[in-house]
Amino acid sequence: MSSNNKYIREHSPSLDDYFVTRRQFLQRTGLGLGMLGLATLIGEELFGSTARAENIATLTPRQAPLPAKAKHVVHIFAQGAPSHVDTWDPKPALKEYDGKSIPGMDGVAMASPFKFEKKGKSGIEVSEVFPKLGEMVDDLAIIRSMYTDIPAHEVATVFMNTGSTRLARPSIGSWVLYGLGTENQNMPGYVSLRPGGTPPGGSSNWQSSFLPGLYQGVSINTKIPQINQLIQNIHNQYTGLPEQRRQLDLVHQLNELHSQNMQKDAQLEARLQAYEMAFKMQTEATDAFDLNKESPAVRDAYGRSSQGNQLLIARRLIERGVRFVQVWAGGWDHHQDIEDRLPERAKEIDQPLAAFIADLKQRNLFDSTLVIWGGEFGRKPVRDRNGNDNPGRDHNAKAFTTVLAGGGVKGGTVHGATDEFGGASVENKVHIHVLHATILALLGFDHTKLTYRYNGRDFRLTDVAGEVVKPVIA
């Protein structure tokens, strides 16, 4: 056979070319899938991607995709789990069963030691522990059918703030900042005010997790009396403002040179923006926290207490365009002595919160500010199992109350209901994911579409659940 014929035969199609053994098929496809997987793991790092570029952090104010009145949020976290049956959810049946067993529940019934009275034009019943807030009930939407997953303080607290009981997820404030940006580029868009100490879960409650670091909350200990010490390391003791400005400008120039040769890095951009924010805050932030610039009449209206100062700071921050402010108002863990301790705790928030709402109205900020009050879970209608002659109530994940006001909320509204004893939510039940979906709706977002791509998945605040409570929206 000539060499020419051999060449033609070797380079012509053959029937054997169309068949492979099972071993050959698995070998070839397996190696190909492996390379595809490797490409997805390293592709963004080596070659960059459109998604990565779009995720560069920015605090530039943005318009919500849907119509909404709320532009700011003030979340007053009643950490410790307030007893709903002693505050916002009256249960006359508990008086009938006081000291007796409740069907289907361990322990004996404990009637509320506090009187409930109908208030406002809406006639909503409010406990006597909230005399001033009771007068404002026509501005409030009271969700009486809340429930959560786990009645443990730390887990439930982080769940309320992040929508997750297990993995570290971004806080709700971070999601809001990611969606809307902030109106004041000289102030952090998300501030967490705590009256000393560290709440259960610590920084997990205001973290940004996989969202860029620029969206993380700035935690402030409001018990520190010195203005310059409220925000740690805000002032440079060694370098003046002009020199700091020159240093930052040089860093930005170096970053631009770096970006011309390499794909922009989200973490690096976020860190540079954080440095820039720290520089700008040196003047405006300290002014926002200086309550001596308020009139004596305003200070007196808020009560000149720790809680009053926090809410007055919150109003000053909102005025300056801060997007999300969280006010920690704990102390509601009443396993015993509830008859004495709950009124004391309620008094600490009643006047300041009523003054805060009135102040927002006077300054035309009420309609654009969503106000939220509530804890991480509720309390049982029976005496605490470790109670004494003056008992309290144990944890209850099945029922609690959250109160909304301002920012597009329909005032004078009661949504949902618990059973006749307040042991469990039974009508129009509202889970944490549902509350979060409703908060985002009031801010102009479809909670299913406010997402962030991380590790190949589009994450959202409400995970894979949640629906909007439309009856509380005006």
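**Figure 1. Packing of helix 6 (153-162) against helix 14 (residues 432-442) in the predicted model**. Helix 6 and helix 14 run roughly parallel to each other, a term that applies to angles under 35 degrees, whereas angles over 145 count as roughly antiparallel, 65 to 115 as roughly perpendicular and the rest as oblique. Their axes lie 9 Å apart and the packing angle is about 30°, where axes are lines fitted to C-alpha atoms, for helices over the stretch in contact, and angles run from 0 to 180 degrees between N-to-C directions. Helix 6 contributes Phe159, Met160 and Thr162 to the contact, and helix 14 contributes Ile432, His433, Leu435 and His436, with contact meaning heavy atoms within 4.5 Å. Sorted by class, the residues of this contact are four nonpolar and three polar, with no charged residues; Ala, Val, Leu, Ile, Met, Phe, Trp, Tyr, Cys and Pro count as nonpolar, Asp, Glu, Lys and Arg as charged, and the others, Gly among them, as polar. Helices (H or I, at least four residues) and strands (E, at least two) are DSSP runs, numbered from the N terminus.

The model is predicted, so that local features need pLDDT of at least 70 and side-chain atom pairs count only at pLDDT 80 or more, while totals for chains, interfaces and linings use all residues. Residues are numbered from 1 along each chain as its sequence is written, and side-chain values use heavy atoms, with hydrogens and water left out.

**Figure 2. The surroundings of helix 14 and the residue that follows this helix**. Because 11 of the 11 residues of helix 14 are buried, this helix is largely enclosed by the rest of the structure; buried means under 20% relative accessible area, exposed over 50%, and partly exposed in between (1.4 Å probe, protein chains only). The buried residues include His433, His436 and Thr438, together with Ile432, Val434 and Leu435. Among the elements that cover them are strand 4 (140-147), helix 6, helix 7 (172-180) and strand 8 (369-374), and the cover also includes strand 11 (400-405) and strand 15 (430-431). After helix 14 comes Gly444, which has a positive phi near 95°.

**Figure 3. Burial of helix 6 and the glycine that follows this helix**. Eight of the 10 residues of helix 6 are buried, and helix 6 is therefore largely enclosed by the rest of the structure. The buried set consists of His153, Ala156, Thr157, Val158, Phe159, Met160, Asn161 and Thr162. Helix 6 is followed by Gly163, for which phi is again positive, near 80°.

**Figure 4. The crossing of helix 12 (residues 306-319) and helix 13 (residues 338-362), with Asp359**. The axes of helix 12 and helix 13 come within 9 Å and cross at roughly 25°, which means that helix 12 is roughly parallel to helix 13. This crossing is right-handed, meaning that the near helix is turned clockwise from the far one by less than a right angle, whereas an anticlockwise turn would make a crossing left-handed. On the side of helix 12, the contact involves Gln307, Gly308, Leu311, Leu312, Ala314 and Arg315, which meet Arg345, Glu348, Ile349, Pro352, Leu353, Phe356, Asp359 and Leu360 in helix 13. These residues divide into eight nonpolar, two polar and four charged. Asp359, one of the residues in helix 13, counts as buried because its relative accessibility is 5%. When neighbours within four places in sequence are left aside, Asp359 is in contact with Val298, Tyr302, Leu312 and Arg315.

**Figure 5. Thr222 in the loop between strand 6 (218-221) and helix 8 (227-230)**. With a relative accessibility of 18%, Thr222 counts as buried. Thr222 and Gln310 are 88 residues apart along the chain, yet their C-alpha atoms are separated by 6.9 Å.

**Figure 6. Asn455 and Asp463, two residues other than glycine with positive phi**. Asn455 lies in the loop between strand 16 (452-454) and strand 17 (457-459), and its phi is near 55°. At 70% relative accessibility, Asn455 counts as exposed. Asp463 belongs to the segment after strand 17 and also has a phi near 55°, but its relative accessibility of 26% makes Asp463 partly exposed.
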